[in-house]
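Hi everyone, thanks for coming along. I'd like to walk you through a few spots in one model, so let me put it on the screen.

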Amino acid sequence: MCPSRGWSPTSRFPKKIYPRFSRDSMGQHSDPRKGHNGNQLETEANADLSPELGMIFNEQDQDVRDVGYQKHAFNLLISNRLGYHRDVPDTRDSKCAKKTYPPDLPMASIVICFYNEAFSALLRTVHSVLDRTPAQLLHEIILVDDNSELDDLKKDLDGYMQENLSKKVKLVRNKQREGLIRGRMVGASHATGDVLVFLDSHCEVNEMWLQPLLAPIKENPRTVVCPVIDIISADTLIYSSSPVVRGGFNWGLHFKWDPVPLAELGGPEGFSAPFRSPTMAGGLFAMDREYFNMLGQYDSGMDIWGGENLEISFRIWMCGGSLLIVPCSRVGHIFRKRRPYGSPGGHDTMAHNSLRLAHVWMDEYKDQYFALRPELRNRDFGDIRERLALRRRLNCKSFKWYLDNIYPEMQVSGPNAKPQPPVFMNKGQKRPKILQRGRLINMQTNRCLVAQGHPSQKGGLVVAKECDYNDSEQVWSYNEEHELILSNLLCLDMSETRSSDPPRLMKCHGSGGSQQWVFGKSNRLYQVSVGQCLKLVDPMSRKGYVSMAICDGSPSQQWHLEN
Ligand code: LR7
Ligand code: MN
């Protein structure tokens, strides 16, 4: 699974944009730009209201959301309502806009392999490429359906492509599930452009994303490049900027993000110049097509998911190429908390694939992996003779060379651990501005929402009780991050998808979602990540319990923050 980037100080308050509601239909796969009838949500000029994009108005909305989380592990209701075209915030450094690129860049074949992807997310990926790539650089888009089981990815997709997409967009279907590694190889084998660009099937490319990737490849075809991967929240679909970091790994052979060493960021262009990265995350990169073939594509003995990202990273560096991250190219990716699919037979393909890469590329350092995973020491990993022959044929360097020269920060266990070089840290943290302070009053009963126990108690419930205007512990602050903080201590929190649970007081995490609340129309208090509104359960009961419910605007759902 992809590590989240929550560790970065700047990602605590990401620059964000709220999706604008512009769709005419929900659930039907027509081009949303084509008409404006039906279910349009009332939007107000106030951009702060657009988090209401996830609001659940009826059972059908609830269903789309719940089934969506099960099948895709992100908020399908919002994804569908967003449609296939939207603007995203330009997250590039200001220096990027001033850069110019040669007019005769190589042409790109975009390869997107998907398995059971949400129709709207797949189409938004495709249209973002079509909308934000100059036609003369786009040779083709190749979609590879990895034998998906969802109905709409069959006839509906064919129909949509015929009606709405040019011949530049092609679709190849695998007869059996191959996994993303062989799936990408299938896509690449159909490609005829100069450069291959791989994307996951739930991405949105940003302004001027392609030129900065193609330029270093034109200069040197042995350069492989990655964009900075911006974050599209799985719960809100909000697109936010991600900190500039580089790829590493640990001895469990999991990819991780590392800060960029200061030395890599030298030069007059500073943060906007491409810099070297020991590894890539895997899903989003561009590579000269001939070089991809020459370097041995991927290991076709790897199944479904995992490990191929480290394998190709090691191979690039050890066999004479280089791997760069290009900060002026930005592509958003939906980061999910779990992978919503398994592998046929339920195999741990990550372990199988990691074993293959360890045995082919890591020399004596594979023992570092086995020290952590002793049960894998004697596990079968199939035939790797072809990959070993490839390594010899390409005359690749040792893994020790790679560690010494490309990833010296990597600690090798043993008595003489190396000291860490200085690292680049992002700008300091800032506190979100408080917009309003006051008592949170239920308008049906005039009672105040307060802590059931003490407001400092983590995990404590909130209840509607008689207001006590002398008690400062009943005062809420509402800030620009849409957090509701009681008595300056804890945040009102609805953890993720368990919308049947009541909200609780939790440590403020600053990453939106479960702690984002919006005061909407008719005094609704809407929770962004569960798509529901806060409700007083029983106005007659003295207990004052509250819960989340479908937003019907009834009196028990009306709240007001009173100064
Ligand atoms: O059997 C499958 N067949 C497929 O076609 C399984 C998956 N897929 C498709 C899938 O629909 C998606 O488009 O392959 C793509 C990647 O699968 P994800 O989105 O489930 O993977 P991920 O984003 O969780 O994982 C990251 O690591 C993977 C390791 O195998 C791949 O390299 C992914 O491309 C990679 N994603 C990224 O690098 C995006 C940034 C995330 C980070 C960090
Ligand atoms: Mn992905």
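Let me start with a question: which residues of strand β24 are buried on one side, and which on the other? On one side they are V546 and M548, and on the other S547 and A549, so both faces of the strand, which spans residues 546-549, are covered. Before I go on, please keep in mind that this is a predicted model.

Now, what does β24 pair with? Strand β23, residues 532-536, runs antiparallel to β24, and 4 bridges join the two. If you'd like one of the pairs to look at, take K535, whose bridge partner in β24 is S547. That is the S547 we just met as a buried residue.

Let's move to the metal. The manganese ion, ligand 2, has three protein donors: D200 through OD, H202 through NE2 and H333 through NE2, lying 2.2 Å from the ion. For those of you who like sequence patterns, the donor residues are spaced D-x1-H-x130-H. D200 sits in the loop between β5 (195-199) and β6 (203-205), while H333 belongs to strand β13 (residues 322-335), so this pair ties together parts that are 133 residues apart in sequence. H333 has a relative accessible area of 9%, so we call it buried.

Next, an aspartate in a strand. D258 is in strand β10, residues 255-258. Its relative accessible area is 10%, and the cut-off for buried is under 20%, so D258 counts as buried. What does its side chain do there? It makes a polar contact of 2.5 Å with the side chain of K256, and another, of 2.6 Å, with the side chain of Y407. Leaving aside residues up to four places away in sequence, D258 touches V245, R246, G248 and Y407.

My last stop is another aspartate, this time in a helix. D61 is placed in helix α1, residues 59-72. Is D61 buried or exposed? At 6% relative accessibility, it counts as buried. Its side chain has a polar atom 2.9 Å from the backbone nitrogen of F57, and a polar contact of 3.0 Å joins it to the side chain of R81. R81 also appears in the list of residues that D61 touches, along with M55, I56 and L77, again not counting those up to four places away in sequence.

And how far is D61 from G531? In sequence they are 470 residues apart, yet C-alpha to C-alpha the distance is 9.3 Å.

That's my tour, and I'm happy to go back to any of these spots.

Terms used
Residues are numbered from 1 along each chain as its sequence is written. Chains are lettered from A and ligands numbered from 1 in the order in which they are written. This is a predicted model: local features need pLDDT of at least 70, side-chain atom pairs count only at pLDDT 80 or more; totals for chains, interfaces and linings use all residues. Side-chain values use heavy atoms; hydrogens and water are left out. Buried means under 20% relative accessible area, exposed over 50%, partly exposed in between (1.4 Å probe, protein chains only). Contact means heavy atoms within 4.5 Å. A polar contact is a pair of N or O atoms within 3.5 Å; within protein, one must be able to donate a hydrogen and the other to accept it, and residues adjacent in sequence count only if both atoms are side-chain atoms. Donors are N, O and S atoms within 2.8 Å of the metal (3.2 Å for Na, K and Ca); water is not among the atoms, so sites may look incomplete. Two strands pair if DSSP finds at least two bridges between them.
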